[in-house]
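Work through the exercises below with the model open. Try each task before reading its solution.

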Amino acid sequence: MSTVDKLSAAARSKQLGAVEDGGIVRCDACPVLCRIRPGRAGACDRYANRDGHLVRVDPVLLLEKAIDTGSDLVAFSNTEWKGNLLDPKRTFVTGVGAGTTYPDYKPAPFIVSAEHDGVDTVTVVTEGIFSYCGVKVKIDTDRHLGPETAAVRASGEQVGHVTTAEYGSQMLSIGGVRHLTGGSKKEGTVTCETLLSLCAGEPVTLAIDGGHEVVVQAGRAPLVDGQPERRMRVGCGSATVGIFARQWLGHVDEVIVVDDHITGVLTEHQAGRVLDMPPAGIRVRGRRSTPGRYFQVAKPGLGWGGTDIADPLQIVQRIDPKVARPGLRLLMTSTTGEDALYCVLDESLVPVAAEMPEAVRRVVERIGENCEPSLCTVLFVAGAGGSLRAGVTENPVLLTRSVAAGETRVTMGGAPVYVWPGGGITVMVDVARMPRGSFGYVPTPALVAPIEFTLPAALYERLGGHTGDAVSIAEMLAAVAPDARIEAWRGDNPWPFKPGPFKPGPFEPGPFEPGNGAKR
Ligand code: SF4
């Protein structure tokens with residue numbers, strides 16, 4: 001019998017499946033309702049039939065915070081638990097390995113009461129089954145991965161799309177209910193597998209229609225068509241001109257920063273004008289936005305500055321003989337400094353490549369120095385505003401309102417979440433801040449992820465919470481700690497019991513008035 005079930009057997013044995021003939025146990029932890037033979041696991045590999053008992057295969061995860069001395073936290077010698085008694089005041093029960101409930105009117109697997117800083121608190125702990133879920137992937141590169149809205153595929157199945165690019169990053173939206181359940185069975189299965197791998201921090205190969213192949217892994221640099229990306233651009237071409245204009249002054253007569261978004265031309269740009277740089281007479285292709293800032297100088301691609309060009313002189317439309325002069329010094333660079341060309345105009349005003357002077361090289365290198373490492377970031381987005389709330393309270397809308405008001409703190413595996421304003425409980429969490437092994441799945445298909453709601457006990461009672469099912473943290477630890485997985489609390493995650501977490505947040509929806517956007 002697992003740690004979870006030791007406690008559950010005493011407190012809530014009614015939740016643990018049903019025994020049928022032949023020692024078969026029917027799992028009731030999700031709508032699939034697997035009939036599990038002795039010694040076998042269910043379809044999701046999370047539950048098994050052990051000696052006629054339904055057990056959660058993975059141990060529950062407890063996180064113990066280091067001792068707070070008032071000034072510094074006393075660090076653990078390592079993250080392994082040494083068998084010492086856990087301090088209830090420094091232990092957080094996560095939803096990892098806690099188990100799910102179905103149907104959701106049953107109380108959540110753990111409702112843990114504890115006292116922190118003189119406040120009686122309750123943490124409701126469960127593994128949520130998320131039908132509405134997906135990930136947003138931020139890929140720090142200016143290289144063109146594919147057109148906006150293009151299909152993103154894994155194993156040939158569409159699992160998402162290219163969404164709006166952000167500053168210096170390409171963005172993908174992967175998963176979501178339409179791919180999980182709105183298409184073919186194979187599309188749903190591949191989408192679920194892709195989400196699981198991304199959330200587990202594993203590398204995933206994605207192919208973009210009309211674009212390129214990219215290998216994405218949370219916390220790692222992307223591989224674009226097999227090439228590792230190294231640098232995130234320092235800014236757009238205009239920003240790069242603005243940042244480094246003064247450092248170029250006196251060393252070059254013109255700088256063109258090639259960028260798929262905005263290509264910057266120093267002497268036309270406000271930065272060059274303020275520095276009294278005379279016009280160089282070099283006109284670049286594309287659509288002029290404002291002085292010294294050009295859109296669409298080339299097509300998007302994997303070349304210089306996220307364009308499709310390999311020779312930057314291709315974007316020079318003309319050189320005005322009335323303004324330019326022989327001997328004019330021209331620098332062309334990308335926004336990462338990885339590509340740079342120094343030229344001098346000859347007697348015919350043709351740019352001729354020349355050795356880059358040391359002073360110019362130093363500034364190009366400084367562009368590179370100011371680039372942050374290129375990374376992939378994976379944020380899990382899910383809706384917890386559905387029936388999961390019934391495991392917390394008999395009146396779910398009160399939980400929704402309490403979360404929106406900032407009175408109830410939501411965490412996932414102890415990691416802080418961003419709760420979207422407005423209706424429902426739509427949360428977003430950085431998977432890199434969650435413990436390993438946080439995610440699972442059920443074959444409906446849907447993802448399973450830990451979620452915890454922490455709030456004052458008095459408030460929990462007012463919300464119609466399942467107070468009769470609460471167990472003290474001491475009782476909980478006595479029952480589960482010997483077999484639990486125990487790790488150190490991540491110091492960069494806020495402690496859910498920190499004094500003051502239950503103050504109302506900035507979003508306090510008022511009564512509905514047409515046009516005010518509030519949903520109640
Ligand atoms: S898929 Fe997993 S949780 Fe669902 S019924 Fe089967 S064993 Fe239980």
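**Exercise 1: the ligand shell**

Task: list the residues around the ligand, then sort them by class.

Solution. Step 1: the shell is Cys-27, Ala-29, Cys-30, Val-32, Leu-33, Cys-34, Gly-42, Ala-43, Cys-44, Arg-46, Tyr-47 and Pro-443; a residue is near a molecule if one of its heavy atoms lies within 4 Å of it. This is a predicted model: local features need pLDDT of at least 70, side-chain atom pairs count only at pLDDT 80 or more, and totals for chains, interfaces and linings use all residues. Residues are numbered from 1 along each chain as its sequence is written, and side-chain values use heavy atoms, with hydrogens and water left out.

Step 2: sort the shell. It splits into 10 nonpolar, 1 polar and 1 charged. Here Ala, Val, Leu, Ile, Met, Phe, Trp, Tyr, Cys and Pro count as nonpolar, Asp, Glu, Lys and Arg as charged, and the others, Gly among them, as polar.

**Exercise 2: a three-stranded sheet**

Task: what is the strand order of the open sheet of 3 strands, and which strands are at its edges?

Solution. Step 1: the order is E1-E2-E3, with antiparallel pairing. Strands are DSSP runs (E, at least two residues), numbered from the N terminus. Two strands pair if DSSP finds at least two bridges between them.

Step 2: strand E1 (18-19) and strand E3 (35-36) are the edges, as each pairs on one side only.

Step 3: check one pair. E1 and strand E2 (residues 25-26) run antiparallel and are joined by 2 bridges. Ala-18 has Arg-26 in E2 as its bridge partner.

**Exercise 3: unusual backbone angles**

Task: where are the cis peptide bonds, and which loops hold Asp-51 and Ser-155?

Solution. Step 1: recall the background. Most residues other than glycine have a negative phi, and most peptide bonds are trans.

Step 2: find the cis bonds. One joins Tyr-102 and Pro-103, with omega about -15°. Pro-103 lies in the loop between strand E9 (91-93) and strand E10 (110-116). Another runs from Thr-444 to Pro-445, with omega near -5°. Pro-445 is in the loop between strand E34 (440-442) and E35.

Step 3: turn to phi. Asp-51 has a positive value near 55° and sits in the loop between strand E4 (47-50) and strand E5 (53-56). Ser-155 has a positive phi near 50°, in the loop between strand E13 (151-154) and strand E14 (157-166).

Technical notes
Helices (H or I, at least four residues) and strands (E, at least two) are DSSP runs, numbered from the N terminus.
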